[in-house]
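Here are my notes for your read-through. Please keep the coordinates open beside them.

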Amino acid sequence: EENHIPEGRVINTLEFARKSKSVEFSEIDQKRCMYLVEHLNFWYPDTAWHIVSQMEVDFHVSADQTKHVKSLMEQNGMHYEILFQNLQEDIEKQLNKRDAAGRYSYTKYNEWHKISAWTTRIVKKNPNLVSRIQIGSTFENRPMHVLKRGTEKAIFIDCGIHAREWISPAFCQWFLKEATTTYGKDENMTNILDNMNFYILPVFNIDGYIWSWTQDRFWRKNRSNTSNSACIGVDLNRNFDVAWGIYCGSSPESEQETKVVTAFIRSRISSIKAYLTMHSYSQMVLFPYGYTYEKTPNHDELNELAKRATEAIGSLYGKKYKYGTSATTIYPSSGCSDDWAYNQGIKYSFTFELRDKGRYGFLLPESQIKSTCQETMLAVKLIANYILSQT
Ligand SMILES: [Zn+2]
């Protein structure tokens, strides 16, 4: 574990952080700062790298370091709030509520083997609505399936690029449940499904997802060990071949999972009109670019559509979502799937950051799965309707 952050990066982080007003790292000597960077597990932003002035930062810290980190923050006049007094206890609560053989449920977080069995079942139950295509395998050789509903125009939706964001796969499952149970009953859904094909990848990062259930609840990356012998896992949402940067794998699309998905999308590029990728947390609807502050050719259209999507989300339970380009709304990052999809020619490319805004973060309670999925459905349907009206 020790020193997994290369020296150059730590120094850079220090310089970066010094510019910040709210987080005055300048008072902390370099040794202490290195200590912080190495011992904090960042939830938001996803690394210390992205901390900028006036930003609220969420992180977790192991119990034995808590006292030290608290006193460091107090010494430096940083305000903080403790959201989980005992994170382990809250993780276990979520895990223990279910009996081991517990049944699959749309309003629970499902383990991978249950999701996998569900993909078989939903195809069997709805043979004229849904089919399943194996698009490849993960690093650990688990089959990756896309669920499909067919016509010419298509929307590709992936969930679970980042392992710890459990609400994301929950949404993909919810989407298919809604599609299959309301087809023929709900006029709008029927119209959408009659005219639009959906490719759904319920869990992009299956290996990482399983790891987050069994070993480390806050695991983010995949489980490959090919890029750097000292370091397991590559952040798949930095591995796409677009303005590809550092710490994103050994090369663009170095990762098995990324290769599989990009090959699939490329092979159907003429029919795919929209690319939606589901993440959590922070309540945002984002669109390209992430790697540059430059605007896309259809920026105004994307901005308007994102605005309407956030309004649709808010109309159900009043949840406030931000919208805008990734670079201006969160922070610039390279190698992201939405930028890649956009540059392949998919004009409507969106990243959703689902609930919440940090109260529970990745431990969003299961009691919020249903409402989160319901409000997100409104945005996805809105985007689908818009595309149907345009093409
Ligand atoms: Zn994510």
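1. Start with Glu 353. It has 22 C-beta neighbours inside 10 Å, so Glu 353 counts as buried. The cut-off for that label is 20 or more. Glu 353 belongs to strand E10, which covers residues 348–354. An unreviewed UniProt entry puts the feature "active site" at Glu 353. That annotation may be inferred rather than shown by experiment. Keep in mind, too, that this is a predicted model.

2. What does Glu 353 touch, once residues up to four places away in sequence are left out? The list is His 279, Ser 280, Tyr 281, Ser 282, Gln 283, Met 284 and Leu 286. Two strands frame the loop here: E7 (272–280) comes before Tyr 281 and E8 (284–287) comes after.

3. That loop deserves a careful look at the backbone. The peptide bond joining Ser 280 and Tyr 281 is cis, with omega about -5°. Tyr 281 sits in the loop between E7 and E8. So does Ser 282, whose phi is near 140°. This is a positive value in a residue other than glycine. Gln 283 is in the E7–E8 loop as well. Its phi is near 60°, again positive in a residue that is not glycine.

4. Are these two loop residues, Ser 282 and Gln 283, buried or exposed? Ser 282 has 21 other C-beta atoms within 10 Å, so Ser 282 is buried. Gln 283 also has 21 within 10 Å, so Gln 283 is buried. Both are among the contacts of Glu 353.

5. There is another cis peptide bond to check. It runs from Tyr 44 to Pro 45, and omega is near -10°. Pro 45 lies in the loop between strand E1 (40–44) and strand E2 (58–61).

6. Now the nonpolar core. The largest one has 87 residues. Which members touch the most others? They are Ile 157, Phe 171, Phe 175, Ile 200 and Val 285. As background, nonpolar side chains tend to be buried together in soluble globular proteins.

7. Val 285 has a long contact list, leaving aside neighbours within four places in sequence. Val 285 meets Ala 306, Ala 309, Thr 310, Tyr 321 and Tyr 323, among others. Phe 350, Phe 352 and Ala 379 are also on the list. Ala 379 is one of the buried residues of helix H13.

8. Ile 157 and Ile 200 connect the core to a strand pair. Ile 200, in E6, is the bridge partner of Ile 157. Strand E5 (residues 154–159) and E6 run parallel, joined by 5 bridges. Why call E6 enclosed? Of its 5 residues (197–201), 4 are buried, so the rest of the structure largely encloses E6.

9. Trp 112 is in helix H5, residues 112–125. With 20 other C-beta atoms within 10 Å, Trp 112 is buried. That count just reaches the cut-off of 20 or more. Beyond four places in sequence, Trp 112 touches Val 203, Ile 206, Tyr 209 and Ile 210. Trp 112 and Trp 213 are 101 residues apart in sequence, yet 8.8 Å apart C-alpha to C-alpha.

10. Two helices can be checked for length. H13 (residues 369–390) has 22 residues and should span 32 Å at 1.5 Å a residue; its end C-alpha atoms are 32 Å apart, so the two agree. Buried residues in H13 include Ile 369, Cys 373, Val 380, Ile 383 and Ile 387. H9 (residues 256–267) has 12 residues and reaches 17 Å, close to the expected 16 Å. Its buried residues are Gln 256, Glu 257, Thr 258, Val 260, Val 261 and Ile 265.

11. Overall, the protein chain has 13 helices and 10 strands. Of its 391 residues, 40% count as buried. Among contacts with a separation of 6 or more, 72% come from residues 24 or more positions apart.

12. Finally, confidence. The chain averages a pLDDT of 83, and 83% of the residues score at least 70. Helix H10 (residues 299–317) has the highest mean among the elements, 98. Helix H1 (residues 7–18) has the lowest, 28. Over residues 1–30 pLDDT stays under 50, and the model has 36 contacts for them beyond four places in sequence. Where pLDDT is low, the predicted coordinates should not be read in detail.

Terms used:
Residues numbered from 1 in each chain as written. Predicted model: local features only at pLDDT ≥ 70, side-chain atom pairs only at ≥ 80, totals over all residues. Buried ≥ 20, exposed ≤ 12 C-beta atoms within 10 Å, placed from the backbone. Contact = placed C-beta atoms within 7 Å. Pairing = 2+ DSSP bridges. Core = buried A, V, L, I, M, F, W, Y, C linked by C-beta atoms within 7 Å. Expected span 1.5 Å × (residues − 1). pLDDT = per-residue confidence, 0-100.
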